[in-house]
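Student: I should like to take a close look at a single helix and its surroundings. Could you please describe how that part is packed?

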Amino acid sequence: MKFLIVGLHSSGKQEVLDILSEMGIKCGRLFSNLDNPSPEIYNSFNYDIYDMTDINEIFENNAYIFIHELDKSSNVNSYKYFEGLAKYEFDNNDVFSLSPDQLLHISPNAIKEDVCFIWMDSDKDDRINRYRREKRTYSFSDRDNIEKNDLDYFVKTLYNYNNSRLLYFIKEEPGRVASIIYAMVKHPELINIFANNFN
């Protein structure tokens with residue numbers, strides 16, 4: 001079972017991953033070919049940096065869960081920079097964090113394993129507060145517009161994804177979400193109990 005933490009930006013996904021990593025859970029990272037972390041690009045601080053040769057090889061060997069161009073709200077040439085999740089990274093870790101657009105770029109049949117989505121939802125005011133508290137520097141409104149465009153398709157994907165379960169959290173503390181994920185990773189027999197009560 002793979003656990004995919006999903007939700008709009010500034011909803012606490014990264015904090016959950018950080019807590020899980022401290023607990024010893026294997027958390028995967030996305031890759032990009034950004035030269036340096038860019039404060040204008042959402043999530044750029046947390047990439048594994050690959051060069052374009054590596055990304056081309058991953059693409060040509062179909063060794064990815066998704067690859068796509070970085071969003072056009074950034075101040076860089078969006079056709080030059082990419083982000084993605086490599087199959088090797090996916091196979092060797094348990095928990096991942098994906099934004100709505102990243103989830104929607106997953107290539108068909110790329111994931112063979114059962115998936116448990118952890119949907120972290122929050123209202124705009126809470127997300128703005130987290131954005132400010134964490135001193136993020138990408139444009140909140142630009143990122144919000146990108147994600148809102150895909151929101152209906154994102155929700156339909158979550159509820160119709162093959163071999164998946166869904167746990168839904170609204171305005172939940174990341175530490176509590178991390179504790180539930182930890183319990184499910186360590187004790188897979190609990191997944192149905194949690195999924196039946198947090199859907």
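Tutor: In this predicted model, the buried residues of helix H7 (151-160) are covered by elements that include S1, H4, S7 and strand S8 (164-170). The buried residues in H7 are Phe 154, Thr 157 and Leu 158. Because they span an arc of only 100° around the axis, they lie on the same side of H7. The face turned away from this buried side carries Asp 152, Tyr 153, Lys 156 and Asn 160, which are exposed.

The surroundings of H7 lead to the largest nonpolar core, which has 25 residues. Within this core, Leu 4, Val 6, Leu 98, Leu 103, Ile 106 and Phe 117 touch the most other members. Two or more residues each are given to the core by strand S1 (2-6), strand S4 (64-69), S6, helix H4 (100-104), strand S7 (115-121) and H7. S7 supplies the largest share, 3 residues. In soluble globular proteins, nonpolar side chains tend to be buried together.

Val 6 connects several of these parts. Leaving aside residues up to four places away in sequence, Val 6 touches Phe 154 and Leu 158, and also Lys 13, Leu 98, Leu 103, Phe 117, Ile 118, Trp 119 and Met 120. Met 120 is included in a second, separate core of 23 residues, as are Val 16, Ile 180 and Ile 181.

Key:
Residues numbered from 1 in each chain as written. Predicted model: local features only at pLDDT ≥ 70, side-chain atom pairs only at ≥ 80, totals over all residues. Heavy atoms only, no water. Core = buried A, V, L, I, M, F, W, Y, C linked by side-chain atoms within 4.5 Å. Buried < 20%, exposed > 50% of the residue type's maximum accessible area, 1.4 Å probe, protein only. Helix = DSSP H or I, 4+ residues; strand = E, 2+ residues; numbered from the N terminus. Contact = heavy atoms within 4.5 Å. Arc of directions from axis to C-beta.
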